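User: I'm new to this structure and would love a close look at one part of it. Could you walk me through the open sheet and what lies around it?

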Amino acid sequence: MNTEERSKAIQGKIREKAKELLSSKKVDVIIGFGEGTLPLRATPIFVRTPEEADRLIWNSFCENNLATYLHKLSPFKVGLVVKGCDARSVIALAHEKRFKPDQLFLIGVPCQRMVDRRKVMKAFEGEILRVSEQGDEITVEGDDFKKTLKREDFLYPSCQVCVHRNPVKTDVLVGDPVEESSLVEVHPDVKEFEKMSPEERWRYFEKESSRCIRCYACREACPMCYCAECFVDSSNPKWIEKGLSPSDIDFYHIVRAYHQSGRCSGCGACERACPMEIKLTYLTQKLNQDAKEMFGFETGVDPDAPPPLSTYETEDRQEFIK
Ligand code: SF4
Ligand code: SF4
Ligand code: SF4
């Protein structure tokens with residue numbers, strides 16, 4: 001079965017399951033994807049009645065990590081459409097007790113990897129007006145051009161490196177599991193970052209963060225950024241100023257990355273949300289890689305494995321506290 005056929009079959013099953021869950025009142029709302037208003041986009045939607053379930057779609061542009069909505073809907077029973085990375089975030093959030101187990105029904109989708117819309121847009125001079133998927137290809141059309149692209153050449157870096165495309169824990173799986181393998185061994189940006197000296201790394205970090213406008217879209221897109229008051233907004237204590245001074249911006253980026261250690265699923269939603277196209281995942285993916293090497297831990301892969309940075313034992317080494 002090619003990607004288009006698989007997506008259509010998955011879409012049908014998502015709709016069917018959503019209708020069943022809403023009709024039986026097992027959930028109050030289904031959070032999934034609907035058609036975006038622009039080409040190359042799908043948008044998160046909230047479906048509350050069985051009749052609305054036919055608005056749910058599945059295709060190569062269902063890129064958001066929908067686990068980010070969980071902490072905003074706490075009184076409701078939620079049916080959530082999850083890819084491998086979303087399901088990992090759900091497990092990480094369960095460790096942090098962000099919802100009650102009976103509040104959530106997971107509709108798991110074995111993921112076909114998502115298409116990098118910015119990469120597609122950069123491949124064309126004119127405005128893209130229509131996009132369609134056929135087999136394992138996508139056709140892009142504008143006023144005076146029409147071109148067919150190989151899907152695999154336009155995947156997000158986080159998807160190229162992903163080895164957990166099948167959701168680990170779900171209540172129902174719609175679609176046959178995909179074979180787990182990465183297209184590249186190491187995230188391309190982490191690979192470049194690791195080659196640099198400490199001074200080069202700092203320069204690279206400063207160059208990226210210097211474009212930040214502090215819109216916090218990266219924070220809002222991330223399921224693991226759920227604090228009622230983020231440290232950047234706190235006025236008592238006041239950790240950073242509100243302006244655009246480089247030291248304040250750097251501080252935000254460093255703290256954000258460290259807050260994700262051992263918690264980030266590597267979904268890449270933060271980077272995709274950034275209007276300034278600032279690279280963010282080289283830091284979080286590097287920390288993910290370090291957590292794997294040091295503790296054998298990958299976020300949300302084993303529901304029973306305690307997160308290393310929020311777990312301690314009295315025998316832990318503590319020379320560093322001297
Ligand atoms: S990171 Fe993995 S599970 Fe998530 S969208 Fe990409 S390929 Fe799918
Ligand atoms: S930090 Fe970025 S890559 Fe990691 S879970 Fe949050 S949105 Fe996903
Ligand atoms: S989304 Fe981009 S510009 Fe906005 S705060 Fe995050 S890094 Fe800065």
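Analyst: Here is a walk through the sheet, then the helices beside it and the ligand surroundings.

Please keep in mind that this is a predicted model. Let's start with the sheet itself. Five strands make up this open sheet, and reading across it gives the order β2-β1-β3-β4-β8, with mixed pairing. The two edge positions belong to β2 (42-47) and β8 (172-173); each has a single partner strand, so one side of each is left without a neighbour in the sheet.

Helix α1 (residues 3-23) packs on this sheet, touching β1 (29-35), β2, β3, β4 and β8. The direction of α1 makes about 150° with that of β1.

Now look at the pair β1 and β2. These strands run antiparallel and are joined by six bridges. To find your place in the pairing, look for Phe 33, whose bridge partner in β2 is Pro 44. The two strands form a hairpin, with six residues between them. In that turn, Leu 40 has a positive phi of about 70°.

Elsewhere in the sheet, the pairing takes another direction: β3 (residues 78-82) and β4 (residues 104-108) run parallel, with five bridges joining them. A handy landmark here is Val 78, which stands opposite Leu 104 in β4.

Next comes helix α2, which covers residues 84-95. Its twelve residues reach 17 Å from the first C-alpha to the last, close to the 16 Å expected at 1.5 Å a residue. Most of α2 is covered, with ten of its twelve residues buried. Among the buried ones are Gly 84, Cys 85, Asp 86 and Arg 88. What covers the buried residues of α2 includes β3 and β4, which brings us back to the parallel pair. After the helix comes Lys 97, with a positive phi near 55°.

Helix α2 also leads us to ligand 1. Gly 84 and Cys 85 are among the residues surrounding this ligand, as are Lys 83, Cys 111, Arg 113 and Cys 267. The elements giving two or more residues to this shell are α2 and α4 (157-160). By class, the shell around ligand 1 has six nonpolar, two polar and three charged residues.

For a last stop, turn to ligand 3. Its surroundings include Cys 212, Arg 214, Cys 215, Cys 218, Cys 274 and Ile 278. This shell divides into ten nonpolar residues, no polar ones and one charged residue.

Key: Residues are numbered from 1 along each chain as its sequence is written. Chains are lettered from A and ligands numbered from 1 in the order in which they are written. This is a predicted model: local features need pLDDT of at least 70, side-chain atom pairs count only at pLDDT 80 or more; totals for chains, interfaces and linings use all residues. A residue is near a molecule or strand if its C-beta atom, placed from the backbone, lies within 6 Å of it. Ala, Val, Leu, Ile, Met, Phe, Trp, Tyr, Cys and Pro count as nonpolar, Asp, Glu, Lys and Arg as charged, and the others, Gly among them, as polar. Two strands pair if DSSP finds at least two bridges between them. Helices (H or I, at least four residues) and strands (E, at least two) are DSSP runs, numbered from the N terminus. Two residues are in contact if their C-beta atoms, placed from the backbone, lie within 7 Å. Axes are lines fitted to C-alpha atoms, for helices over the stretch in contact, and angles run from 0 to 180 degrees between N-to-C directions. The expected span of a helix is 1.5 Å times one less than its number of residues. A residue is buried if 20 or more other C-beta atoms lie within 10 Å of its own, exposed if 12 or fewer, and partly exposed in between; C-beta atoms are placed from the backbone.
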